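Reader: I like to start from one small spot in a model and work outwards. Let's put it on screen and pick a residue.

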Amino acid sequence: MIAIEPEPHAPAKSEGKALLIEGLSVGFGGLLALDQVSLTAFQRETVGVIGPNGAGKTTLFNIICGFVGADSGQVSYGGISLLERHHPHDLTKLGIARTLQGVGLFAGLTLLENVMAGAQAGLRSDIASAFLGLWRSSREERRLALRARELLDELGVGAYARYLPAALPFAVQKSAALARALIAEPSLLLLDEPASGLSNDEMDELATMIRGLRSRMGILLVEHHMDLVMSVCDRIVVLDFGRVIADGTPESVRSNPEVATAYLGDEIDKSSGHSQAFDDA
Amino acid sequence: MSLFINITLDGVSSGMIFAALALALVLIFRATKIINFAQGAMAMMTTFLASSLLAQGLGYWWAFVAALAIGFVLGALVERVLIRPLKGKSELNPVVVTIGLLVVLEGIAGVIYGNASRGFPAAYSQSGLTVGRSKIAFSHFDVFIVVAVLVLMIAILVLFRATTLGLRMRASAFAGEIARLLGVRVGMLLTLGWALAGVAGSLAGLLVAPTSSFSPYYMDLVLVYAFTAAVIGGLESPVGALIGGLITGLCISYVGGYLGSGLQPLGALVLLMVALMARPEGIFARHSVRRV
């Protein structure tokens, strides 16, 4: 007989949970995708991770999520290692939610169902309620649907709740994907290129949204759009060829010559001196 | 005219049985993109176990429920032990493994029970109902077949449509990796899908046994018909399986009634070809299918 567990109610996340990454390295074949990367994201801090294509940003996310293993180094959240015996499906239990590059909604589910699918999964209570009491299950279902609807409304796309994703504008889909991450009530939100494919106006809305979330959770933001990163982040970490070349406030990163080198290439390289640029990374 | 009506009624009841086995195929295909060629043999096994329980003096309904429960466990076991290790390997591997399982199960049943056909009791009388003054080719047992399969269908639909468990099963079927990222234990849900398919298959096995020559091979042809039904229904939709099952049952029945029963398997294959030529994605268009 399956015991009915009390619904794992997302607790008020304890203060001071931090994502700590130390000396993280991973290689694919001969290529070192991440080389001794260290970074920290404290609770209620928005940290941007930027860098040219291939700098290792997405690999970093994939390691945090458990999709890719690390060769060496430490990754922990709230004191719990994310590298040992860690499965992607444990992530939400630790309070971590992630949005994907592109959209990644379930094509055959409506926006509302997509968001509902993102809620904290308690499999045992799920099975118990589905098989032992449809009454309880449908009540649970209604509560979840209500919460999902609230989130969609909050992100301004509630009107599309009953539509399948494919029929909807890209920005709407992206908002739904964000709502799906938020319904798990994460204490750390990983945003993988949330601005790609958005217009300038939509990007402004996104920035407002991210700033609104800042008081509730830590955010790790991988993004190409400099304006967005500069405007919403408390701190910015710059990756280049898998190494951290800068870590500081938006102002300090903006004025960092190495960052300019990484982004603009050789012209500055020659004048500022390549070897020096990499020695103090 | 009465011949036509009787053939039609016969087609409906066998169509419902095909629908149950087609539902089993659909449950597995939508979650894992695997056709379980051993589904019929698994149903054969559970029905033979039920017949053993009956021989021990157990009541019919206890044996009936036991067969469904064993089907559940057998389905889960096959997924865990045989199918899961194939993840990420060639698409041909599950085909070979499930056909292998079919052969092994039929072999085991042959060793234990012998290859001769025997009898299996029906839940209700198999003599035709009387409507007005004439007897029709639709018995109490046929009524039971229709009701039992409809109950199963509705239970599965409620599970998928009205529970969070079903929502997560659907989400996992669409994109497993993303579902995993959202905290869904996709592996457990795959096992559950196979287990539910085991139940649906077992039901089909129990319903076919009284009306056929009950031997280790009695489900082989039923699997061919159920496969036809599942493909017609689009392979991913429980409702498609039901309608595909009815279409297949009726066609087979008309072929058997007007052309001769020897032509029935051929009729199913012709139907399969015509359906694939007319609508390769199944009668249910992709979107309506996926929303079920």
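Does C233(A) count as buried or exposed? Once that's settled, please take me from there to strand 1 of chain A and whatever packs around it.

Author: Buried: C233(A) has a relative accessibility of 7%, and buried means under 20% relative accessible area, with exposed being over 50% and partly exposed in between (1.4 Å probe, protein chains only). Some ground rules before we move on. The model is predicted, so local features need pLDDT of at least 70 and side-chain atom pairs count only at pLDDT 80 or more, while totals for chains, interfaces and linings use all residues; side-chain values use heavy atoms, leaving out hydrogens and water. Residues are numbered from 1 along each chain as its sequence is written, with chains lettered from A and ligands numbered from 1 in the order in which they are written.

Back to the cysteine. C233(A) makes no disulfide because the closest cysteine sulfur, in C65(A), is 18 Å away, and a disulfide is a pair of cysteine sulfur atoms within 2.5 Å. By that rule, the count over all chains is zero. Over in chain B, C251(B) is partly exposed, at 29% relative accessible area.

C65(A) is our way into the part you asked for, as it is one of the buried residues of helix 1 of chain A. Helices (H or I, at least four residues) and strands (E, at least two) are DSSP runs, numbered from the N terminus. Helix 1 is mostly covered, with eight of its nine residues buried; among them are K57(A), T59(A), F61(A) and N62(A). Right after the helix comes G66(A), with a positive phi near 85°.

Now for what the helix sits on. Helix 1 (residues 57–65) lies across strand 1, strand 2 and strand 4 (72–77) of chain A, and runs at about 110° to strand 1. (That angle is between N-to-C directions, on a scale from 0 to 180 degrees, using axes fitted to C-alpha atoms, for helices over the stretch in contact.) 

The sheet itself is open, with four strands of chain A in the order 2-1-4-5 and antiparallel pairing. Two strands pair if DSSP finds at least two bridges between them. Strand 2 (31–41) and strand 5 (80–81) of chain A are the edge strands, each pairing on one side only.

Strand 1 (residues 19–28) is joined to strand 2 of chain A by seven bridges. Across that pairing, V26(A) stands opposite L34(A), and F28(A) stands opposite L31(A). The hairpin of these strands has two residues between them, and G29(A) takes a positive phi near 65° there. Strand 1 also has five bridges to strand 4 of chain A, again antiparallel, where E22(A) stands opposite Q74(A).

If you're checking backbone torsions, two more residues are worth a click. Most residues other than glycine have a negative phi, and most peptide bonds are trans. R44(A), though not a glycine, has a positive phi of about 60°. R44(A) sits in the loop between strand 2 and strand 3 (46–50) of chain A and is partly exposed, at 40% relative accessible area. E193(A) has a positive phi too, near 50°. Its loop runs between strand 7 (188–192) and helix 7 (200–213) of chain A, and E193(A) is buried, at 11% relative accessibility.

For an exposed spot to set against helix 1, try S255(A), at 56% relative accessibility, in the loop between helix 9 (250–254) and helix 10 (257–264) of chain A. S255(A) and T59(A) are 196 residues apart in sequence and 26 Å apart in space, C-alpha to C-alpha.

Zooming out, chain A comes to twelve helices and ten strands, and 54% of its 281 residues count as buried. Taking contacts (heavy atoms within 4.5 Å) in chain A between residues at least 6 apart in sequence, 68% join residues at least 24 apart.

Last, the nonpolar cores: sets of buried Ala, Val, Leu, Ile, Met, Phe, Trp, Tyr and Cys residues joined through side-chain atoms within 4.5 Å. The largest has 146 residues, and F106(A), L152(A), L189(A) and M219(B) have the most contacts inside it. Another core, of 31 residues, lies apart from it and includes V75(A), I96(A), L188(A) and L181(B).
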